[in-house]
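The following note sets out numbered points on the structure shown below, for a colleague's consideration. The points concern strands, a metal site, open pockets, an enclosed cavity and charged pairs.

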Amino acid sequence: MYDFKSIIKNFQLDGEFLSCTRYGEGHINQTFLLTMIKGGKKTDYILQRINDNLFKRVDKLMENIRLITEYNRKKIQARGGNPDRESLSLVYAKDGKPYAFIDGVGYFRVYKFIFDAIAYQNVQKPEHFYQSAVAFGNFAKLLAEFDTSVLYESLPDFHNTEKRYQNFLRAVEEDKMGRAESVRAEIEFVKERKDYCGRIVNLLKSGEMPTRVTHNDTKLNNVMLDKDSGEPVAVIDLDTVMQGSLCYDFGDSIRFGCNHADEGEPDLTKVNFDIELFKEYTKGYLSAIGDSITEVEKQNLAFGAILMTYECGMRFLTDYLEGDTYFRIKRPSHNIDRTRMQFKLVTDMEKALPEMEKIVNEY
Ligand code: ADP
Ligand code: GN1
Ligand code: MG
């Protein structure tokens, strides 16, 4: 696949190359577990090939990650923690850059491996979900004083649902793969809910809702929990850290975690929104974030969950119509299965909205 030995020569790594194999379940980058050996002692790292098809300015994206990880590492050190474990930590290239560009091959980065911790693909215990909420709540708090103006917008309009809707309409119109007819019901589902698209965007625009540094991809598998205690260790996958709404981060966690099925589960009878898990997450998130949340944000948290699920389903559907060029798929129907699963959750959440809002107000 890649000539790993020559790729890693670009980084400030100690020891000899031992092995490098595909790792994790991410949709965007290519992730590898790299093992180096020195004096019989093995050390693991994460090597990633950054998706430069999607990220147009990898240099600027990596500068965001450098700034955030260095900032967090200092804060963790100051509170007596272990920055190598509690923060994503870069291994720099030999030229001092936070990444290496290899001509004709691509952009690579290396992170220290966060040991004895697990990124769960779905919620196995409510406790895990609660702890992930604490992790993301703490992450938001840790970065509350970070100067957002220095951050580059790595994916412009990432959670601008109105723009996502326009892209969706274009994909339906173009119908490149001739698939639109077979997914009429899903297309109608999106159109019927067009009103959702502008709500948060407009609150941010008018200033009624604060713009914050947000993670923007707060899935359960982007947080590492201690393999024994289940307590939060670190938040990972910082590619989409940009300005945004707290409701996006809260909502995306709910979208991914408040059910017991995998993201592309084709059997919709297995896909059900679990209000008890919603309660767990809300409790953990609100306790970690404390009083820095505003009233408008609070009023929109539950809606944010519906919006993020709707938006994500719309993105999967758009990708299906465009020929599966964005999200990595494992079978031809993967993106439409993912779409249907998201829309089943949207329907469930719409019914549960009053109860969700009640829970938010309780905590
Ligand atoms: P993607 O953007 O493609 O989702 P991620 O950065 O989330 O890529 O990495 C994919 C997976 O690799 C994660 O879900 C996690 O299991 C694992 N991983 C990533 N970074 C680390 C790390 N520093 N230590 C241990 N595991 C990691
Ligand atoms: C992608 O990179 P990963 O797998 O954590 C996507 C998210 C989607 C998610 C759906 C940069 O996240 O926006 O919500 O898939 N990331 C990007 O699983 O588009
Ligand atoms: Mg990820």
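**Notes on the model**

1. Strands β2 and β3 form a hairpin with two residues between them, and Gly39 in the turn has a positive phi of about 55 degrees. The coordinates discussed here are those of a predicted model. The two strands of the hairpin, β2 (residues 30-38) and β3 (residues 41-50), run antiparallel and are joined by nine bridges. Within this pairing, Leu33 has Ile46 of β3 as its bridge partner.

2. Strand β3 also pairs with β6 (residues 106-112); the two run antiparallel and are joined by six bridges. Which residue of β6 is the bridge partner of Ile46? The partner is Tyr111. Ile46 is thus a point at which both pairings can be followed, with Leu33 as one bridge partner and Tyr111 as another.

3. The magnesium ion (ligand 3) is coordinated by Asn222, through OD1, and by Asp237, through OD, at 2.2 Å. Asn222 lies in the loop between β8 (212-214) and β9 (223-226), and Asp237 in the loop between β10 (232-235) and β11 (242-244), so the pair ties together parts that are 15 residues apart in sequence. Are these two residues buried or exposed? Asn222 counts as buried because its relative accessibility is 5%, which is under the 20% cut-off. Asp237 has a relative accessible area of 24% and is therefore partly exposed.

4. The largest pocket has a volume of about 870 Å³. It is lined by 46 residues, of which Gly26, Asn221, Asn222, Ile236 and Asp237 are the closest to its centre. Two of the names in that group, Asn222 and Asp237, are those that coordinate the magnesium ion. Elements giving two or more residues to this lining are β3, β6, β7 (117-118), α8 (246-257) and α10 (295-322). The paired strands β3 and β6 therefore appear again in the lining of this pocket. The element that gives the most is α10, with five residues. By residue class, the lining divides into 22 nonpolar, twelve polar and twelve charged residues.

5. The second largest pocket holds about 670 Å³ of space. Its lining comprises 28 residues, and those closest to its centre are Leu54, Arg164, Arg315, Glu322 and Tyr326. Two elements, α5 (161-174) and α10, give two or more residues to the lining. Helix α10 accordingly contributes to the lining of the largest pocket and to that of the second largest pocket. The lining of the second largest pocket divides into ten nonpolar, seven polar and eleven charged residues.

6. How many cavities of 30 Å³ or more are counted? The count comes to one, and the largest cavity has a volume of about 40 Å³. Its lining is formed by Gln121, Arg255, Phe256, Asn259, Ala261, Asp262, Glu263, Met341 and Gln342. Helices α8 and α11 (334-362) are the elements that give two or more residues to this lining. The lining residues divide into three nonpolar, three polar and three charged. Helix α8 is also among the elements listed for the largest pocket.

7. Side chains of opposite charge can pair when their charged atoms come close. The structure holds 25 salt bridges. One of them joins the side chains of Glu86 and Arg79, at 3.1 Å from N to O. In this pair, Glu86 is partly exposed at 26% relative accessibility, whereas Arg79 is exposed at 53%.

8. A further salt bridge is formed by the side chains of Asp157 and Lys163, at 3.1 Å from N to O. Here Asp157 is partly exposed, with a relative accessible area of 30%, and Lys163 is likewise partly exposed, at 43% relative accessibility.

9. The side chains of Arg331 and Asp337 also meet in a salt bridge, at 3.1 Å from N to O. Arg331 is partly exposed, with a relative accessible area of 30%. Asp337, by contrast, is buried, with a relative accessible area of 10%.

10. Which residues are linked in a network of salt bridges? Arg73, Asp84 and Lys112 are linked in this way.

Terms used
Residues numbered from 1 in each chain as written. Chains lettered and ligands numbered in written order. Predicted model: local features only at pLDDT ≥ 70, side-chain atom pairs only at ≥ 80, totals over all residues. Heavy atoms only, no water. Pairing = 2+ DSSP bridges. Helix = DSSP H or I, 4+ residues; strand = E, 2+ residues; numbered from the N terminus. Donors = N, O, S within 2.8 Å, 3.2 Å for Na, K, Ca; no water. Buried < 20%, exposed > 50% of the residue type's maximum accessible area, 1.4 Å probe, protein only. 1 Å grid on protein atoms, 1.4 Å probe; cavity = no way out; pocket = protein on both sides within 12 Å on 5 of 7 lines; lining within 4 Å. Points joined across faces, edges and corners; volume = space filled by probe spheres on them. Nonpolar A, V, L, I, M, F, W, Y, C, P; charged D, E, K, R; others polar. Salt bridge = Lys/Arg side-chain N within 4 Å of Asp/Glu carboxyl O.
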